[in-house]
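Student: I have a structure open and would like to go through it with you. Could we take it one question at a time?

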Amino acid sequence: MADDKDFFICRCEEVTLREIEEVIDEGYHTIDDVKRITRAGMGLCQGRSCGKVIARIISQKTGKPLEEVLQTSYRFPVRTEKLKALEEEGPSDAENN
Amino acid sequence: MVQSYDVLVIGGGIIGLSCGYYLTKQGKRVVVLESGGFADGASGACDDMILFQSKKPGINLELAFESLELYKSLVGELEDSLGFANYGGMVLIENERELEVMEEFVMQQRSYGLDVEILTKAAMRKKQPFLHERFIASTYSSMDSQAYPFAVMHRFARKGRQMGMQVVHKSPVVGIQKDGAGDFLVTTAQNMQYRAPHVVNAAGAWAGKVADLIGLNVPMEPRRGQIIITEKIPAIGETNLWSAKYLVTKLKPGIQIDSTEEEKRLGLAFALTRTEGDSYLIGSTREFVGYDKRTTMEGIRAIINQAVSFIPVLKDVNFIRAIAGLRPATPDGKMVLGEHAGVPGFFTAAGHEGDGISLAPITGKLLADMVCEGRSDARLEELSPNRFASNAKEVC
């Protein structure tokens, strides 16, 4: 029977609070660790919706300050982009986007 | 405080975790020291291939067969699917020159027992209807498989921990010494010390730097591979795909078939695999740029142009991320696996370049056999770190 931990924190990849807490309990205490193990934050939104929620869960469970947990890297592309948007373009166009 | 173990594994990527797992399974008390977090290095920024067609006929291909069998048994052992799948693979051929090279290569692979054939254009298009018209033929092997690296690594760690293995993150090794009793004393940046009679250097692209800490020579160069990741889309073909150039770039860097200057500089070649998450990984570059693991606009654009020229419908697909990892490259394209003659008890297991996912299980198993039983298979002689000893550095 579903209880209060079986709801999605990461909707793109359908990862529940329960799954995220299990991984934190195993000793993985960074957003990147949790992402790589559960896929939370690997979907279409790339963690822009769930990233901060996951940081908060890690912070609450481990007692680490939220600011410390939040430090993570954002890689290009900042938003999703069609492949053709970069196909055969001049370098200056893309870098100014 | 000094903590004592039977074996210290330096490097918590897929190779280090596999070594740690198989050593623990054989009853050793093991700690895995990882400089970053979970999957921070090349094992977390790569594709998912257990690709036979890219293996040089010889020891690499033999070990890949054994590794595949281990993967199948690991699915039960580690209680997880590991994202293991068997979609098969095709190498795409653009012209007669490539066809000649691939025909010869396929013959060699068949003689080593790989089930691989050349498909006609019609048979190729039946499996891959969205390919650009220009491809004249392809190879096909039903054996090419894949596994999800993050799952493999996490399950190695989880099962290993259940049996007593320890994995310590954010612990870069800064010193390795031998003490009077013959044990190794390893110091991390946090000034923690670990003692054991055996050390396994599984530091991937950093294996040369780790070996250097105890005066050993392991020639290892980081080779950057960039890859892009698409959104989830329905399957666009039956198999995973590579260009003939991918194989030639990987196996015979001397021979370039009709490559542009940019392709040569980036080591650009086409590789496309469908992932566990239903997105596609499209690659890749093979660049020597030191330890810089950033993605670049030039690399991403080159990968995209190539991908769209191979499969035009991809132009309307979104890509959600670009990744880059440093593949550990040796001068002769073979991994380094074995005990260093100059420093008994010190082993290296690194240098898989693009074969780390394929060869991780067999590497860990063979390494554990060497450490636990002192067994060294004669056929593994060509992988020994001692092959580089003749040009060893002066130890003062």
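Student: How many cavities of 30 Å³ or more does a search of the whole structure find?

Tutor: Happy to start there, and please keep in mind that this is a predicted model. A cavity is a set of points where a 1.4 Å probe fits but cannot get out. With a lower limit of 30 Å³, the search of the whole structure gives 3.

Student: Which residues line the second largest cavity, and how many of them are nonpolar, polar and charged?

Tutor: That cavity holds about 40 Å³ of space. Its lining takes A:Tyr28 from chain A, together with B:Gly12, B:Leu17, B:Phe38, B:Ala39, B:Ala157, B:Val167 and B:His169 from chain B. Gly counts as polar here. By class the lining comes to 6 nonpolar, 2 polar and no charged residues.

Student: B:Ala39 is in that lining. What is the sign of its phi, and about how many degrees is it?

Tutor: Most residues other than glycine have a negative phi. B:Ala39 lies in the loop between β3 (30-33) and β4 (49-50) of chain B, and it is buried because its relative accessible area is 4%, under the 20% cut-off. Although B:Ala39 is not a glycine, its phi is positive, about 55 degrees.

Student: B:Lys170 also has a positive phi. Is B:Lys170 buried, partly exposed or exposed?

Tutor: Its phi is near 50 degrees, and its place is the loop between β9 (166-168) and β10 (173-178) of chain B. Buried means under 20% relative accessible area and exposed means over 50%. At 45% relative accessibility, B:Lys170 therefore counts as partly exposed.

Student: Which residues does a cis peptide bond join, and what is omega there?

Tutor: Most peptide bonds are trans. The cis bond here leads into B:Ser284, a residue of the loop between β17 (280-283) and α9 (297-310) of chain B. The bond joins B:Gly283 and B:Ser284, with omega about -15 degrees.

Student: Now for the rings. Why do B:Tyr71 and B:Phe84 count as stacked?

Tutor: The whole structure has 12 aromatic pairs over all chains. The rings of B:Tyr71 and B:Phe84 have centres 6.4 Å apart, and their planes meet at 25 degrees, so the pair is stacked. This pair links distant parts of the chain, 13 residues apart, with B:Tyr71 in helix α2 (residues 59-77) of chain B and B:Phe84 in the loop between α2 and β5 (89-93). What decides the class is that planes under 30 degrees apart count as stacked, and the angle here is 25 degrees.

Student: Which of the two rings' residues, B:Tyr71 or B:Phe84, is buried?

Tutor: B:Phe84 has a relative accessible area of 26%, so it is partly exposed. Its partner has 0% relative accessibility and counts as buried, and that partner is B:Tyr71.

Student: What is the geometry of the pair B:Tyr148 and B:Phe150?

Tutor: B:Tyr148 counts as buried at 10% relative accessibility, and B:Phe150 is buried with 11%. Their ring centres are 5.6 Å apart and their planes stand at 70 degrees, so the pair is edge-to-face.

Student: Over which ring does the charged end of B:Arg134 sit?

Tutor: One charged end to look at is that of B:Lys127, which sits over the ring of B:Tyr140, 4.3 Å from its centre. For B:Arg134, the charged end is 5.2 Å from the centre of the ring it sits over, that of B:Phe310.

Student: In chain A, how many residues of helix α2 (residues 31-38) are buried, and which elements of chain B help cover them?

Tutor: Helix α2 of chain A is mostly covered, with 8 of its 8 residues buried, among them A:Asp32, A:Lys35 and A:Arg36. The cover from chain A includes β2 (15-16), α1 (17-25), α3 (51-62) and α4 (66-70). From chain B, it includes α5 (149-162) and β18 (318-329).

Student: Last one: which residues does B:Leu383 touch, leaving out those up to four places away in sequence?

Tutor: B:Leu383 lies in the segment after α10 (356-373) of chain B, and it is buried, as its relative accessible area is 0%. Its C-alpha is 9.5 Å from that of B:Ala349, a residue 34 places away in sequence. The residues B:Leu383 touches are B:Ile59, B:Leu63, B:Lys334, B:Met335, B:Val336 and B:Leu337.

Definitions and conventions
Residues numbered from 1 in each chain as written. Chains lettered and ligands numbered in written order. Predicted model: local features only at pLDDT ≥ 70, side-chain atom pairs only at ≥ 80, totals over all residues. Heavy atoms only, no water. 1 Å grid on protein atoms, 1.4 Å probe; cavity = no way out; pocket = protein on both sides within 12 Å on 5 of 7 lines; lining within 4 Å. Points joined across faces, edges and corners; volume = space filled by probe spheres on them. Phe/Tyr/Trp six-rings, centres within 6.5 Å; stacked < 30°, edge-to-face > 60°. Helix = DSSP H or I, 4+ residues; strand = E, 2+ residues; numbered from the N terminus. Buried < 20%, exposed > 50% of the residue type's maximum accessible area, 1.4 Å probe, protein only. Lys NZ or Arg CZ within 6 Å of the ring centre and 35° of its normal. Contact = heavy atoms within 4.5 Å.
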